[in-house]
Amino acid sequence: MNLNSLDLAGNSVISIGIERENEILKTNIAQLQAEIAQLKMDFARIRSPPLVVCDVSKVMGDKAIVRLANGNQLLVNIHDSVRSNVAAGDTVLAEQRTFNVIQRLEGAKTCNPEMFLLSRKPTIKWADIGGLEDEIRELKEAVELPLMRPDIFKTVGIEPPKGVLLYGPPGCGKTLLAKALANATNAAFIEIVGSELVQKYIGDGAKLVKEIFMLAREKAPSIIFIDELDAIAAERIEGSTSAEREVQRTFMQLLAEIEGFSKLENVKIIGATNRFDVIDPALTRPGRLDRLIQIGLPNAAAREGILKIHTAGMSLRKVNIKTLVEKTNGFSGADLRLVCTEAGYCGIRANRAHIMQKDFEQAVEKVKVAEENTDYRNMFG
Ligand SMILES: Nc1ncnc2c1ncn2[C@@H]1O[C@H](COP(=O)(O)OP(=O)(O)OP(=O)(O)O)[C@@H](O)[C@H]1O
Ligand SMILES: [Mg+2]
């Protein structure tokens with residue numbers, strides 16, 4: 001073999017090797033570049049400032065008025081890419097610095113009004129309520145009857161109220177009445193608690209009120225029960241903090257909703273409060289929650305009834321309920337229930353399986369002292 005030809009063959013082998021290595025390196029570079037790009041993207045994502053969730057109040061061409069969670073409203077730009085599908089009522093994401101709307105949030109409803117619809121009826125029955133016979137009748141006539149028998153009102157020619165406001169000192173049966181009605185009625189029952197609406201659904205109060213009334217119409221005949229109404233409807237000096245303004249807006253929405261439906265529509269409202277003194281008179285104006293039902297401290301007959309209800313499951317021996325009734329003047333229904341529980345504890349402490357008069361008497365004293373130490377009685381009269 002000639003030396004030259006060997007040299008040539010050797011060279012070509014080397015150049016093939018270099019080419020392959022080159023290919024491999026190129027692939028490696030491409031892979032690493034892809035990895036760098038991915039890492040850069042991750043890095044950018046980690047470093048990117050959070051976006052602000054806000055609600056669109058109004059769309060005006062390429063601009064929108066958005067409402068932030070703190071209640072502030074801003075006029076901002078809508079990014080070209082989402083301009084065509086942003087509408088009033090939407091929840092959107094906005095850039096933190098400019099608040100420009102850059103994305104519409106699908107299905108972003110933070111609270112669903114359906115969750116306030118009672119799917120399982122409370123277990124409280126009318127028979128679990130002591131006293132309050134007149135109040136129960138009035139509640140049924142003002143709320144339930146017009147929903148179930150609107151024809152009676154048409155025939156007689158009177159208009160039922162839009163709803164009622166139950167008011168009176170704490171622990172006297174307002175919530176209990178509403179629960180018993182929820183149990184007894186065939187109407188859909190929607191229950192909201194004023195303080196929850198204000199604390200839990202910050203920024204959504206007014207929207208939620210609107211949606212709850214929409215739901216009530218949809219499910220009619222229906223009853224909306226708003227417990228602890230004073231948390232929304234307290235009269236206040238013009239809201240100065242954003243939280244106060246938010247509550248104010250929720251209240252305004254509530255008034256608008258109450259005013260917005262006619263007396264003949266088959267939706268009724270029950271409000272309850274133990275702070276009638278702070279309720280904004282705007283709420284109880286004619287045409288709004290103008291039927292007031294006072295749920296006061298129980299009289300002797302009612303106290304007897306309440307004590308009987310709460311002792312029904314207890315094993316009593318020689319207990320004179322009438323004497324207890326005399327000793328508990330000024331007690332609320334909740335106090336009376338507490339007396340029964342305390343009496344039960346007295347029996348347990350004495351290692352007895354039955355409860356005696358002296359247990360009740362001790363319990364009455366204990367509850368009385370506890371009550372005197374709170375300023376409830378002074379506050380609510
Ligand atoms: N008339 C009553 N008959 C039987 N139990 C009663 C009565 N009133 C109150 N109670 C007892 O006291 C508890 C508290 O009553 P309820 O929650 O109805 O009070 P309220 O009037 O709504 O008070 P608040 O204003 O504090 O909300 C009831 O769960 C029940 O055990
Ligand atoms: Mg209550």
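These questions and answers go through the domains, the ligand shell and a strand pairing of a predicted model.

Trainee: Into which domains is the protein chain divided?
Mentor: Following the chain, domain 1 covers 1-48 and domain 2 covers 52-104. The C-alpha centres of these two lie 49 Å apart. The division also gives domain 3 (113-294) and domain 4 (300-380), so the list reads domain 1, domain 2, domain 3 and domain 4.

Trainee: Which elements give two or more residues to the shell around ligand 1?
Mentor: There are 18 residues around ligand 1, and P170, G173, T175, N274 and G333 come nearest. The elements that give two or more residues to this shell are α4 (174-184), α9 (300-311) and α11 (333-349).

Trainee: How many residues of that shell around ligand 1 are charged?
Mentor: The shell residues fall into three classes, with nine nonpolar and seven polar. The charged residues number two.

Trainee: Where does ligand 1 lie with respect to domain 3 and domain 4?
Mentor: Residues of the shell around ligand 1 come from domain 3 (113-294) and also from domain 4 (300-380). Because both contribute, the place of ligand 1 is between them.

Trainee: Which residue in β2 is the bridge partner of V56?
Mentor: Strand β1 (residues 52-60) is joined to strand β4 (residues 91-94) by four bridges, running antiparallel, and there V52 stands opposite A94. β1 also pairs with strand β2 (residues 63-67), antiparallel, over five bridges. In β2, V56 has as its partner V66.

Trainee: Which residue takes a positive phi in the hairpin of β1 and β2?
Mentor: This hairpin has two residues between the strands. The phi in question is near 65°, and the residue is G61.

Definitions and conventions. Residues numbered from 1 in each chain as written. Chains lettered and ligands numbered in written order. Predicted model: local features only at pLDDT ≥ 70, side-chain atom pairs only at ≥ 80, totals over all residues. Domains from an automatic or database assignment. Near = placed C-beta within 6 Å. Nonpolar A, V, L, I, M, F, W, Y, C, P; charged D, E, K, R; others polar. Pairing = 2+ DSSP bridges.
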